[in-house]
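Student: I am new to this structure and would like a close look at one part of it. Could you take me through the salt bridges, starting from the chain as a whole?

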Amino acid sequence: MKAARCTLLAWDTEFWGRPIGRVADGPLDADRLQAVDTWAAEHEVDCLFYLAHTDDVPSTHVAEAGGFRCVDVRVDFDCKTRLVEPAPPVRPGQPEDVDPLRAIARKSHDITRFYADPRFPDEHCDALYDYWLVNSFEGYADAVLVLEVDGRAAGYVTCHAAGDSGSIGLIGVEAAERGRGLGQTLVNGAIHWSKRRGLDRMTVASQGRNVAAQRAFEACGFRTTSVGLWFHKWYAS
């Protein structure tokens with residue numbers, strides 16, 4: 001039997017209150033699927049995540065036949081960093097920004113794969129992004145950049161650095177201010193931050209159905225590098 005190559009996700013397991021695991025990226029055939037199911041039973045896993053590349057059609061067919069359900073399309077982008085002129089009107093987040101931005105985070109990510117899976121309650125998904133935003137302020141992110149409208153925090157982007165590359169984690173804009181290009185301003189702010197940090201490239205991932213975000217990334221110089229399909233398989237009743 002092939003190796004399952006699965007991992008129990010400690011953070012997800014603690015947050016969702018049920019054992020959650022992930023199947024490592026790579027081809028999935030009938031033999032590996034059997035090993036995955038055996039591993040899940042041995043670890044009493046309730047749900048497994050699997051990301052398949054869209055050009056690996058056989059693996060998507062095996063996943064579907066094996067009880068995995070496609071819940072999202074992941075689109076990965078990258079770009080070269082640059083100094084944006086004039087500098088985007090964003091600033092480092094401050095402690096007083098946390099509460100207003102938490103409220104935005106709870107209502108800005110309902111297009112993600114967790115909301116698409118009815119087995120994850122919406123109120124828990126809201127809490128996930130709330131928690132993510134707070135953790136970003138507490139050191140999970142290398143920077144939280146804030147955009148103000150009329151003197152209030154109305155948008156944010158979280159930035160990470162690793163080696164010579166940066167990445168965007170979360171980006172959110174107050175609902176009443178959407179459609180005004182503020183997301184693009186935040187993305188440019190992240191690119192500018194990365195360049196000033198000495199990072200050569202920046203990456204970000206989005207949802208296939210989030211066309212507005214994709215357009216904002218492309219307008220800022222990002223280009224698509226890969227497309228994948230997120231699958232979830234539930235073992236618990």
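Tutor: About 11,600 Å² of the chain is exposed, and carbon and sulfur atoms supply 50% of that area. Keep in mind as we go that this is a predicted model. Of the 237 residues, 47% count as buried. The radius of gyration is 19 Å, which agrees with the value near 18 Å that a compact globule of 237 residues would have. Along its principal axes, the C-alpha trace spans about 60 × 35 × 30 Å. The chain is built with eight helices and 10 strands. If you take the contacts between residues at least 6 apart in sequence, 72% of them join residues at least 24 apart.

Now to the charges. The chain carries 26 positive and 34 negative ones, and the mean positions of these two sets are 4 Å apart. Side chains of opposite charge can pair when their charged atoms come close. How many salt bridges does a search of the whole structure find? The search gives 17, and three of them make a good tour.

Let us begin with Asp25 and Arg22. Their closest N and O atoms are 2.9 Å apart, and the two residues form a salt bridge. Asp25 has a relative accessible area of 32%, so it is partly exposed. Arg22 is partly exposed too, at 27% relative accessibility.

The next stop is the salt bridge between Asp130 and Arg106, where the closest N and O atoms are 2.9 Å apart. This pair links distant parts of the chain, with the two positions 24 residues apart: Asp130 belongs to helix α6 (residues 122-140), while Arg106 sits in the loop between α4 (98-105) and α5 (113-116). Is Asp130 buried or exposed? With a relative accessible area of 7%, Asp130 falls under the 20% cut-off, so it counts as buried. Its partner Arg106 has 30% relative accessibility and counts as partly exposed.

The third salt bridge brings together the side chains of Arg152 and Asp150, at 3.9 Å from N to O. This pair belongs to a wider group: salt bridges with shared partners join Asp150, Arg152, Glu174, Glu177 and Arg180 into one network. Within that network, Asp150 is exposed, because its relative accessible area of 75% is over the 50% cut-off. Arg152, at 31%, counts as partly exposed.

To finish, here are two buried residues to set beside the charged pairs. Cys47 lies in strand β3, which covers residues 47-53. Its relative accessible area is 0%, so Cys47 is buried. Leaving out residues up to four places away in sequence, Cys47 touches Pro19, Ile20, Gly21, Phe120, His232, Lys233 and Trp234.

Ser206 has its place in strand β9, residues 201-207. With a relative accessible area of 5%, Ser206 is buried as well. Beyond its neighbours within four places in sequence, Ser206 is in contact with Val73, Arg74, Val75, Phe77, Ala213, Gln214 and Phe217. How far apart are the C-alpha atoms of Cys47 and Ser206? They are separated by 22 Å, and the two residues are 159 residues apart along the chain.

Definitions and conventions. Residues are numbered from 1 along each chain as its sequence is written. This is a predicted model: local features need pLDDT of at least 70, side-chain atom pairs count only at pLDDT 80 or more; totals for chains, interfaces and linings use all residues. Side-chain values use heavy atoms; hydrogens and water are left out. Helices (H or I, at least four residues) and strands (E, at least two) are DSSP runs, numbered from the N terminus. Buried means under 20% relative accessible area, exposed over 50%, partly exposed in between (1.4 Å probe, protein chains only). Contact means heavy atoms within 4.5 Å. The radius of gyration is taken over C-alpha atoms; the globule rule is 2.2 Å times the number of residues to the power 0.38. Accessible areas come from the Shrake-Rupley method with a 1.4 Å probe; for residues, only the protein chains shown count as cover. Lys and Arg count as positive and Asp and Glu as negative; His and the chain ends are not counted. The place of a charge is taken as NZ of Lys, CZ of Arg, CG of Asp or CD of Glu. A salt bridge is a side-chain nitrogen of Lys or Arg within 4 Å of a carboxyl oxygen of Asp or Glu.
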